[in-house]
Amino acid sequence: MNAWHTRTGDETLRHFAVDAALGLSKPEAAKRLAEHGPNELVDRGAKSRWRILWEQLTATMVLVLLVAAAVSIFLRDYKDTIAILAIVILNTVLGFTQEHRAEKALAALRRLAQPAVRVRRNGHVQTISAAGLVPGDIVLFEAGNAVAADCRLVQAASLRAQEAALTGESEPVEKQVEPLPAAELPVGDRTNMLFAGTVVTYGRGEAVVVATGTRTELGRIAEMIQSIRAEPTPLQKRLDALGRWLAVAALAVVGVIFTLGLLRGESVQIMLLTAVSLAVAAVPEGLPAVVTVTLALGAQRMLRRKALIRKLPAVETLGSVTVICTDKTGTLTESRITVTVLETSAGRLDLTPHLLRPDDRTALEVPRERPAVTLLLVGGALCSDAHLERASDDPREYTALGDPTESALVVAAARLHLLKPELEQALPRMAELPFDSDRKRMMTVHHFAANHHPASVAAALHSLEHALAGAPLVAFAKGAVDSLLGVSTRVWTEGRMEPLDDDERTRILAAGERLAGQGMRVLGVAFRPLAEVPAELERAEAQFVFLGMVGMIDPPRPEVKEAVITCRQAGIRPVMITGDHPLTALHIARDTSLIDHGRVLTGLELARMSKSELVEVVEKVSVYARVSPSHKLEIVSALQSRGEIVAMTGDGVNDAPALKRADIGVAMGVTGTDVAREASDMVLLDDNFATIVAAVREGRVIYDNIRKFIQYLMATNSSEIWVMFLAPLLGMPLPLLPLQILWINLVTDGLPALALAVEPAERDIMRRPPVPPGQSLFAGGVGWHVLWVGLLIAALCLGAGHWRWTLNDPSWQTLVFTMLTFTQMANCLAIRSRRDSLFTVGVFSNPALLGAVALTFVLQLVVVYTPFLQPFFGTVNLPARWLALSIALSAVVFLAVEAEKWLRRRPGGTRAT
Ligand code: ATP
């Protein structure tokens, strides 16, 4: 093993023949990828085709049928053998295609869930999929990044990594770049390395990849941690229990039918086959599988709406969400942050006119009498990690890459001719304390470089040198105004430092509130002279000179207002939780209709409350401001203790506990960290609040449809049981032959049930209250429906059959067989909507279902009228008038179910939930 931690960073870089400033070239990376293979571990989550096939063939019911086929060979009843085997094959093909589709959908989701990494290649920073990393790649890390390969650090600034996945130690480890003397160090002590499977929780760094894929430390010990867990969903668990109960009940009834048959004098052989067929038809053994398929395909549909599901149960839970807690920036707003106001003690500079008239370039000059504004912008740009991107020399076309708040600062400085790369050349960064949401500020330390500088930078340096009065270093800090005032003792006024007295503090806070009240995000900037970089950087975060503040606007997303209204109608309460100023929060909350009145609870107030007090107020508060990530956890817990089902968004490292705790943790796909993503159930690929609401809607549709096909399957299966059970009581011989039962089961349970799963949303889907989780599958009248529809179908089939039988009509059995199939199709069409009539929903609005019904109809005619198949299915040519009767009586079932819905629709009718 190469002990990379004992070597210097430069040695490691030389070993991998890479220049840290340039990274690998594209052809070299491709060559290494071919040589080392993709940076992946074996994903044990995925099922191979063979495995799916094997599982299909070894399902209990298939085994039972295979035994029945073997028995029929033994009895030399080859007709039955062929027919049973054909049914097994058809069943397997159907099951296999469905499950294969579901697996493919899940595999695609898994691939998307893989983290992206930032690497330097060909001298440019680019984002690639973690699978593309090769040894020698230069990877850039910042807080929140997942480490995707083992790396040797070559740069580290306040870097910390949480290595629990490898070492079990949950406290983050401080990282550095110096080589370590001992070769035999445990992984947890190799502080100049970053390992795959761990996460960066703080700071920044650059490292060279030394091992990928299975050659990493993680690869040695673990399987892929990045995969969608295929745990059973709560609904599947309930279905399993229901299935077991039904199996027992069905077997008992089958036992009775078997005994009655024997008592009537039927042969053991025919009764055995009947019992097997009936058991196969009655036990909904395939239900959990159909549910998985539905959930997986639902997840795929959600992906089209930019919601990536990471854990399958989320699809189902989404339908039950009662509260959505959301961030502000990027989720409710566009995250197109623009600086509009610069405010110093010398007064306010409003940039709005410049932004409105971007072609007026003369207006972009900083007034000469405003050196404080220059310092404000220099500090803001230098104390941030966003990179300036210059599309051209035209200052109107500057953009920046990085955190949107910081990008806004860098762009604002650039528009006033203070370009960040030039500023950085003049004042290189020596040390930094990164931003975190608890401190709500960031600090950087710079020294003066003796270069030749462009005129705008030279003027800024001149002002700065004057302010520093000879100190060799300068520290800049930026952050929430209240947070910065906490570490400032002086204020920069008219080119001089003045003590920061209470009056001045009040004035600054009031000015900040004025801006926040207009919906702006407000950031303060401060500086301080430094003689040297202290060993403990935190100690330098004091005695700052407050420079002024920057007001930025971030317009609300236009689609959010409607999404908020939809939420309300759907019985879901949207709640904003932000680290921003209460007044900024309130303004955006009003703009997006989140509240019209009501209070804003701040983190400070929240911290003073007891748990029970918080539980009391969470029901009323819809806006929380100036909160820390730890408060999010408290808010979720308080809401949950009131029985709410909470979806919670988050992007930062510290949001992970709240995301895990929430019923649906929602991570941001664009701005979110890998840590947040890994803790989440769902990722918003567009960071948009409206996407959460779309996903909730989709979740409700899926739950609705699952309930519909359960309802359909149970009603139709029970009708077969009733027919078989009641016939002997009426003195009739067996009304259905074993193969007829198997046939009905195949054609009616297969395609039509699956087509119900893709039923479009009902009209009122977002106008009903959320489905309580754990609600009985038989709630809302489903139980009764199953009972009476099953009985009605049986009564009609048996009534007609009994009549023809008493008249010795040889086609009586074919009539019962055909009627059962047709009535089930009629029921399938009628239950497409739980309230509206089929004609309101639109006969053609689910073409898959219409196709399935038509196909089933034709197939039934084929087995009834094809002479070659008649001996197999025991059918005879059904006279046209009885065929017409079958269709007419099916219409009765259709009309009866429509009548049930009409009763439900009437004012005062039971409301389906
Ligand atoms: P939102 O809900 O708007 O996304 P948030 O909860 O993510 O907000 P934070 O990003 O934690 O809030 O910001 C909290 C406060 O910290 C902001 O109001 C701002 O004053 C300050 N702040 C934000 N970003 C930075 C940064 N990059 N550097 C310094 N201070 C910042």
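Visitor: In which helix does Glu-900 lie?

Guide: In this predicted model, Glu-900 lies in helix 34, which spans residues 880–905.

Visitor: Is Glu-900 buried or exposed?

Guide: A residue counts as buried when its relative accessible area is under 20%. Glu-900 has a relative accessibility of 16%, so Glu-900 counts as buried.

Visitor: With which residues is Glu-900 in contact, leaving aside its neighbours within four places in sequence?

Guide: With those neighbours set aside, Glu-900 is in contact with His-785 and Trp-788. The side chains of Glu-900 and Trp-788 are also joined by a polar contact of 3.3 Å.

Visitor: I should now like to turn to pairs of helices. By what are two packed helices described?

Guide: The description rests on the angle between the two axes and on the distance between them. As a case, consider helix 8 (residues 234–264) and helix 26 (residues 689–729), whose axes come within 9 Å and cross at roughly 10 degrees. Angles under 35 degrees count as roughly parallel, and helix 8 is therefore roughly parallel to helix 26. The crossing in which helix 8 passes helix 26 is left-handed.

Visitor: Which residues of helix 8 and helix 26 meet?

Guide: From helix 8, the residues include Leu-235, Leu-242, Val-253 and Arg-264, and from helix 26 they include Tyr-703, Met-714, Phe-725 and Leu-729. The residues of this contact between helix 8 and helix 26 divide into 17 nonpolar, no polar and two charged.

Visitor: At what angle do the axes of helix 26 and helix 30 cross?

Guide: The axes of helix 26 and helix 30 (residues 812–830) cross at roughly 160 degrees and come within 10 Å. Angles over 145 degrees count as roughly antiparallel, and helix 26 and helix 30 are therefore roughly antiparallel to each other. Helix 26 passes helix 30 in a right-handed crossing. Tyr-712, Ala-715, Thr-716, Ser-719, Glu-720 and Val-723 of helix 26 meet Val-816, Leu-820, Gln-824, Met-825, Asn-827 and Cys-828 of helix 30. The residues of this contact comprise seven nonpolar, four polar and one charged.

Visitor: How are helix 13 and helix 16 placed with respect to each other?

Guide: The axes of helix 13 (residues 371–382) and helix 16 (residues 455–468) come within 9 Å and cross at roughly 95 degrees. Angles of 65 to 115 degrees count as roughly perpendicular, and helix 13 and helix 16 are therefore roughly perpendicular to each other. Pro-371, Thr-374, Leu-375 and Val-378 of helix 13 make the contact with Ala-460, Ser-463, Leu-464 and Ala-467 of helix 16. The residues of this contact divide into six nonpolar, two polar and no charged.

Definitions and conventions. Residues are numbered from 1 along each chain as its sequence is written. This is a predicted model: local features need pLDDT of at least 70, side-chain atom pairs count only at pLDDT 80 or more; totals for chains, interfaces and linings use all residues. Side-chain values use heavy atoms; hydrogens and water are left out. Axes are lines fitted to C-alpha atoms, for helices over the stretch in contact, and angles run from 0 to 180 degrees between N-to-C directions. Helices (H or I, at least four residues) and strands (E, at least two) are DSSP runs, numbered from the N terminus. Contact means heavy atoms within 4.5 Å. Ala, Val, Leu, Ile, Met, Phe, Trp, Tyr, Cys and Pro count as nonpolar, Asp, Glu, Lys and Arg as charged, and the others, Gly among them, as polar. A crossing is left-handed if the near helix is turned anticlockwise from the far one by less than a right angle, and right-handed if clockwise. Buried means under 20% relative accessible area, exposed over 50%, partly exposed in between (1.4 Å probe, protein chains only). A polar contact is a pair of N or O atoms within 3.5 Å; within protein, one must be able to donate a hydrogen and the other to accept it, and residues adjacent in sequence count only if both atoms are side-chain atoms.
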